[in-house]
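Visitor: I am new to this structure and would like a close look at one part of it. Could you walk me through how its strands are joined, and then carry on from there?

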Amino acid sequence: MNKTAPKKPELQLQGALDLSPSPESCPVTFRERYGHFIDGKRVAGKDADDFDTLNPATGQPIARVAAADATEVDKAVKAARKAYDKVWSKMSPADRGKYIYRIARRLQERSRELAVAETIDNGKPIRETRDVDVPLAAQHFFYYAGWADKLQYAAPGRDVRPLGVAAQVIPWNFPLLMAAWKIAPALAAGNTVVIKPAETTPITVTMLTEIFEEIDLPPGVVNVVNGAGATGAALVTHPDVDKVAFTGSTGVGRIIMRAIAGTKKKATMELGGKGANIVFADAALDQAVEGVINGIFFNQGHVCCAGSRLLVEESIAADFLDRLRRRVSTLRIGNPLDKNTDIGAINSAEQLATVERYIAIGQREGAELWQGAACARPDAGYFVMPTILTGVQQSDTVVREEIFGPVLSVLTFRTPDEAVKKANDTEYGLAAGVWTEKTSKLFDVAHRLNAGVVWANGYNLFDPASPFGGIRHSGFGREGGPAGLMPYLEVR
Ligand code: NAD
């Protein structure tokens with residue numbers, strides 16, 4: 001019997017996976033300028049504070065975008081109030097549900113075009129927008145359409161009422177999907193909406209307003225104002241807003257909570273994270289490698305629940321890191337519109353600078369840097385190679401702070417207690433993953449983790465019926481499932 005271990009292939013696979021370019025071909029017509037959508041009408045807005053939205057894969061402008069001031073925000077809130085008082089709250093829940101179903105169906109019909117537009121505006125690979133962002137957005141509308149006429153089951157034995165006008169502010173990492181997570185439950189619960197997309201990704205939410213027109217959604221039920229932080233601040237502090245739903249950084253979440261303290265407004269905050277992926281020695285290691293990659297390199301690490309900390313059991317750490325680097329070396333970085341691309345562009349020059357700054361801090365604090373992929377980093381656009389930092393400590397900046405990029409910090413542990421202690425040693429509490437074939441260990445560890453979501457032998461898995469949200473500095477409130485309706489309802 002030959003006892004010699006099979007020789008492992010060389011780590012560097014550069015060039016070994018040369019594939020012909022396979023660009024997505026569905027054409028999208030962009031507008032020259034994206035204004036607002038108020039009371040069912042396209043509003044150009046003032047052009048004094050216009051700004052560009054760029055294609056992050058090239059750094060080139062796609063279109064101009066208007067920035068709503070307080071007067072325009074006021075018009076949007078007034079339109080939402082009028083639609084709430086006169087139309088949406090008077091409509092039968094079953095009819096409201098029909099509108100939400102129609103939105104879901106049109107999203108499916110326009111899915112290819114939306115996926116291409118999202119990829120161009122955001123920088124994420126077409127594989128993700130086509131297979132994750134757009135289908136999940138449609139699923140959220142389908143799911144909550146079903147709740148519209150069943151609200152009495154949301155809080156059995158109690159009476160539930162909508163809150164009124166919801167102000168919603170969303171980030172750039174999942175522009176269409178975050179809009180769906182916010183708008184679908186708000187409408188199903190009987191509220192009307194004013195939503196502000198992130199300033200770097202306004203396009204797919206504007207396309208969603210085209211869908212509202214196509215399905216004849218009554219004017220004012222959903223209004224969109226474009227702009228940056230000042231527009232968001234004017235919206236969330238507007239005195240006639242009943243509910244604030246914010247997704248974004250913990251820093252901005254704190255500013256908003258201070259600004260609305262002492263008002264009648266109810267709030268939900270979906271904020272930052274520093275997720276831990278815990279891999280035990282008895283895990284299915286190749287499956288765990290895929291999960292770790294999915295946890296941090298999916299969407300360039302632009303995921304609030306990213307598994308940005310790998311905690312791996314010491315006895316298998318060397319072997320696991322070897323497998324991980326080998327697999328990451330096969331990932332393709334480049335044109336996000338190419339169907340072969342795994343790693344797309346960072347959303348903006350500003351975010352690119354932030355990620356690069358954190359990598360430099362990590363190295364300064366003693367981390368060992370490893371970067372790899374199956375092809376070289378493109379020269380143009382905003383790209384960061386998948387990055388693994390080893391030799392880090394719990395106290396290091398890259399282990400403590402949210403980087404929001406494709407940067408994985410690796411720590412080891414010897415016992416389940418040590419793994420739980422290290423995973424919980426963060427101010428955040430959004431998500432975590434546990435990898436073990438032993439179910440008793442899985443349940444024990446999962447229950448001791450301080451996180452709103454814990455995935456078992458998986459990572460970054462989403463379903464409209466499952467609640468998602470954080471604890472501690474990752475925020476409060478849930479999106480998805482029946483729990484996602486409650487922040488839009490008053491229970492009597
Ligand atoms: P950000 O906080 O900078 O911006 C988010 C949104 O808030 C944008 O639309 C922005 O224009 C707006 N805004 C900025 N200042 C404001 C103010 N003073 N008042 C009102 N609105 C204001 O976040 P980002 O960089 O766009 O997104 C990344 C962050 O979002 C990360 O921290 C990530 O973890 C978090 N996030 C959380 C979840 C979740 O579900 N918990 C989901 C996605 C992203």
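Guide: Let's start with strand 1, residues 33–34, which pairs with strand 5, residues 60–65, in the parallel sense. Two bridges hold this pairing, and Tyr 34 stands opposite Val 65 of strand 5. Please keep in mind that you are looking at a predicted model.

Strand 5 also pairs with strand 4, residues 51–55, and here the two run antiparallel, joined by five bridges. To find your place along this pairing, look for Leu 54, whose bridge partner in strand 5 is Pro 61. Strand 4 and strand 5 form a hairpin with four residues between the strands. In that hairpin, Gly 59 takes a positive phi near 80°.

Now let's move along the chain to another sheet. Seven strands make up this open sheet, and their order across it is 14-15-16-13-12-17-18, with mixed pairing. At its edges stand strand 14 (368–371) and strand 18 (453–456); each has a single partner strand, so one side of each is left without a neighbour in the sheet. From one strand to the next, the twist averages 20°.

Within this sheet, follow strand 13, residues 309–313, and strand 16, residues 407–413: they pair in the parallel sense over five bridges. A handy landmark here is Leu 310, which stands opposite Val 410 in strand 16.

Helices pack on the sheet too. Helix 10, residues 317–328, touches strand 12 (276–279), strand 13, strand 14, strand 15 (387–390) and strand 16. The direction of helix 10 makes about 160° with that of strand 15. Helix 11, residues 349–364, also packs on the sheet, where it touches strand 14, strand 15 and strand 16. Its direction makes about 140° with that of strand 14.

Finally, have a look at the ligand. It is surrounded by 28 residues, and the closest are Ile 170, Glu 199, Ser 249, Leu 271 and Glu 402. Ser 249 has a polar contact to show as well: an N or O atom in its side chain is 2.6 Å from an oxygen atom of the ligand. In the side chain of Trp 172, an N or O atom is 3.0 Å from a ligand oxygen atom. With Ala 233 the backbone takes part, as one of its polar atoms is 3.4 Å from a nitrogen atom of the ligand. On its own, the ligand has 850 Å² of accessible area, and the protein covers 89% of that.

Notes. Residues numbered from 1 in each chain as written. Predicted model: local features only at pLDDT ≥ 70, side-chain atom pairs only at ≥ 80, totals over all residues. Heavy atoms only, no water. Pairing = 2+ DSSP bridges. Axes fitted to C-alpha atoms, helices over the stretch in contact; angles between N-to-C directions. Contact = heavy atoms within 4.5 Å. Near = heavy atom within 4 Å. Polar contact = N/O pair within 3.5 Å; in protein donor to acceptor, adjacent residues only side chain to side chain. Areas by Shrake-Rupley, 256 points an atom, 1.4 Å probe, with all protein chains shown as cover.
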